[in-house]
Every structure is written in C-alpha cells, then in structure tokens.
Amino acid sequence: MKNIAVLGITGSIGLQTFEVIKELNNELRIIAISAGNNIDLLKEILDDYFVEMVCVRSGSDAYQLKQIYPKIEFVFGDEGLIKVATYSKADLVVNALVGFVGLRPTLAAIKAKKDVALANKETLVVGGRLVKDAIAEYKVKLLPIDSEHSAILQALQGNEHSSISKLIITASGGSFRDKTRDQLKEVSKEQALKHPNWSMGAKITIDSATMMNKGLEVIEAHWLFDVDFDDIEVIMHPESIIHSMVEFKDGAIIAQLGTPDMRIPIQYALCYPKRPYSKINSRLDITKVGSLNFKASDHHRFPLLRLAYEVGRLQGNLPTIMNAANEEAVSLFLADKIKFLQIEDLIMQACSEIPFVAEVDIEDIFYYDKIARQLVQQKGGY
Ligand code: MN3
C-alpha cells in the first residue's frame, strides 16, 4: 500500500487524483490532503473518504471542521501545507497546487525524503535548479503529471539519456489557435476559457490560449529530463492525441498516444513504473482517430513561447519574474481588468524592466516574485 498526500485536492488535477486513487484502492491510499477555500467540496470528500490530516487556508475553517470531523487532524495556512507535504506516513506527495505557492511544499517534501508527483509546473520553472539539487541530495523520485512530460518519461523507458536527440513537445494551440494576432485584440474571457480539447482549471486554460503554458512546459522539460533548450522543440498538434515524443540519435521517434484524459498521466506518476488496469481511464479507439496533423510552432504568433526559451536559457531571476508576472496578469484578465493581449505586454515589460540578476538563491526568488507581481499590479490595475 502506497500512502499519498495530495496538495490541492479540490482543484481539477486534485479531484482526478482522488478518482484514480479510489479506483486503485488495493494499492493506493490518501493519507493527508490540502484544500483551499472550497470547503463545501472538501466536506464532500471527507464524508466519502477518511484521511488523517487536512490543511485548509484559514484557522477558523480548521476550527469549524474539527467540530464536524473530530478524528481528523486539521492544520492551516502555509505552515499547514508544509505539514501535509512532510506528513510522516506519506510515501509520495502529489503537488497539484496552482502557481508559485507550490515551490516551498515541493522542497519540503523532497527534504522529508518523499517522492513527488508534480502537476505544479511553476515549481520547476521558478526553482528548477533548487529542486534538482534537492532531488539529487535526498535521493527521491520526481515524477511528472503534466501530460507532455508524462509522455516523454514513457517514451524514455529503456533508453539511455545519451541516445536522446531531441524532445518534441506537442501543443494544441489553446482556445485561439485559429485566430490571427489582429483578431486577438478583442477576445473575451469566456472565449479564452473554452479549451478545444482539455477540460482544466482557469489559470492553465488561459496559459494555453497565450501559449505561456507551452513555454512553461519547455522549461519544465529542461529540468525534468536534463536536455538543452536547443534540443526541445514545440510542434502544433491540434488533435491532442500524441501527448509528446522523443527523437533518438538513430532517427527513431517514440510517441505516447491517448485520449486527453489526465487520469492516465496521474496514474502513471502514482504507480510508476507499473501500469495497473483501470476501468475509469478513457480508451483511445485508434480506428476512429482519422488523421493527425502537425506543424511547426510560430514564435511570432506566440511571442510568450519565444520569451520562455530566452528566459529559460538566461535563467537567473528571469524565470521567477516571467512566472510571477504571468500569474498576476492572468488574475487581472480573469477579473476583467485587462484585455487578453495585455497579458503578453505585462509579462514582457516585467522581464525587460526588472534588472537581470544571474545568481539567485531561494530568498532572491521570493524577492523577485514579489517585485514582478507589484509591477504588473501597478501597470495593469488601472
Ligand atoms: Mn501540459
């Protein structure tokens, strides 16, 4: 039995993780969880399933829940999140938090010698070096939940790292893939939130429409698989059937295919390297797929993808600035305070206006995260 802690259980990935674990209840068990402000949904989960520890955002929620569920230990806030991430009985921590807030719990879990299944790509974008060093020092596994990176991990099984020629990350192109830049000027939030293939949380759906998501994934892939940016390619693949591929030095390409069902990469991360039978994961009927289409990605049409390559290569404080600016700009867009294309503008401004610093430690990361957020709020919050 593998004991699992899930950070962010009430989000899209968290709920699907819950489904996967219930389906595989002979081998997987949830022992500790964190939830944000969605207390009603949390109660549904607790009425259905016993966990030993629960973290919520506020102390008053923790107190009230304790009256209803006296057998559960409730903790709260940032400190509570760390308690869940380092819970003594947990073997593996699923980090399904959204954004930079996931960095500290990831590092804490690794230092407590837990394997980490990571859906929180911002952790690696911002703290890639720190996470890699910690993984090496504490000898734990870091398993991707992101579908592209899960596909790459699957394609790499049985192959040597030295035989990799390049990673080929597929991109659906998001909600606005067929629009020109001119047409992007007046698009609405509702349009942006309609992803053609995947059903996901709001932040990542907007990131998909701007292609910031794919840029973040390029940086994530660099850290997960130790591959140079020159050898990571993004190609457009509107069907989202091939979740990514690896080209090897002999010319062979290995791809992983499936429906756009996140439960498959979640299960792979939780059970790695095993593949137990699951009746809930949706199956791809390959005879009904028809044709698959691919084309090169256009860095002019999607400038945030180009920016992510530059930021990834330069490192220093830039990944932190780009990520924080993106998180703030997406929040402003979701609050109807800025237009769609201003997301790009605000991120570019943050990256060019805040002075570059080549060497950063964890304190610097928190400092530049704050500076970039302030800059975007000032410029975008009129
Ligand atoms: Mn992805």
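Student: Which helices each supply at least two residues of the lining of the largest cavity?

Tutor: In this predicted model, helix H7 (147–156) and helix H11 (263–271) each do so, and the largest share, three residues, comes from H7. As a general idea, rolling a probe the size of a water molecule over the atoms shows where empty space is left. Here the count comes to one cavity of 30 Å³ or more, and about 50 Å³ of space lies in the largest cavity.

Student: Which residues line the largest cavity, and how do they divide into nonpolar, polar and charged?

Tutor: The lining is made up of Ser147, Ser150, Gln154, His243, Gln256, Gly258, Thr259, Ile264 and Pro265. Sorted by character, two of these residues are nonpolar and seven are polar, while no charged residue takes part.

Student: Turning to the metal, which residues are the protein donors of the manganese ion?

Tutor: The general idea concerns angles, which are ideally 109.5 degrees for four tetrahedral donors, and 90 or 180 degrees for six octahedral ones. In this structure the protein donors are Asp146 (OD), Glu148 (OE) and Glu217 (OE), which lie 2.1 to 2.2 Å from the manganese ion, and along the sequence the donor residues follow the spacing D-x1-E-x68-E.

Student: Why does aspartate 146 count as buried?

Tutor: Aspartate 146 counts as buried because its relative accessibility is 8%, the cut-off for that word being under 20%. Glutamate 148 is likewise buried, with a relative accessible area of 9%.

Student: How should I read helix H6, and what does H6 span between its end C-alpha atoms?

Tutor: One way is to set the span beside that of a straight helix, which for 18 residues would be 26 Å at 1.5 Å a residue, whereas H6 (residues 121–138) spans only 20 Å between its end C-alpha atoms. H6 also has a kink of about 100 degrees, centred on glycine 127, and Gly127 is itself among the buried residues of H6, which also include Val126, Gly128 and Val131. After H6 comes lysine 139, whose phi is positive, near 55 degrees.

Student: Where does aspartate 361 lie, and is aspartate 361 buried or partly exposed?

Tutor: Aspartate 361 is found in the loop between helix H14 (340–353) and helix H15 (362–380), and with a relative accessibility of 40% aspartate 361 counts as partly exposed. Its C-alpha atom is separated by 34 Å from that of asparagine 159, a residue 202 residues apart from aspartate 361 along the chain.

Technical notes: Residues are numbered from 1 along each chain as its sequence is written. This is a predicted model: local features need pLDDT of at least 70, side-chain atom pairs count only at pLDDT 80 or more; totals for chains, interfaces and linings use all residues. Side-chain values use heavy atoms; hydrogens and water are left out. On a 1 Å grid over the protein atoms alone, a cavity is a set of points where a 1.4 Å probe fits but cannot get out, and a pocket is an open set with protein on both sides within 12 Å along at least five of seven lines; lining residues have an atom within 4 Å of a point. Grid points are joined across faces, edges and corners, and a volume is the space filled by probe spheres set on the points. Helices (H or I, at least four residues) and strands (E, at least two) are DSSP runs, numbered from the N terminus. Ala, Val, Leu, Ile, Met, Phe, Trp, Tyr, Cys and Pro count as nonpolar, Asp, Glu, Lys and Arg as charged, and the others, Gly among them, as polar. Donors are N, O and S atoms within 2.8 Å of the metal (3.2 Å for Na, K and Ca); water is not among the atoms, so sites may look incomplete. Buried means under 20% relative accessible area, exposed over 50%, partly exposed in between (1.4 Å probe, protein chains only). The expected span of a helix is 1.5 Å times one less than its number of residues. The bend at a residue is the angle between axes fitted to the seven residues ending there and the seven starting there.
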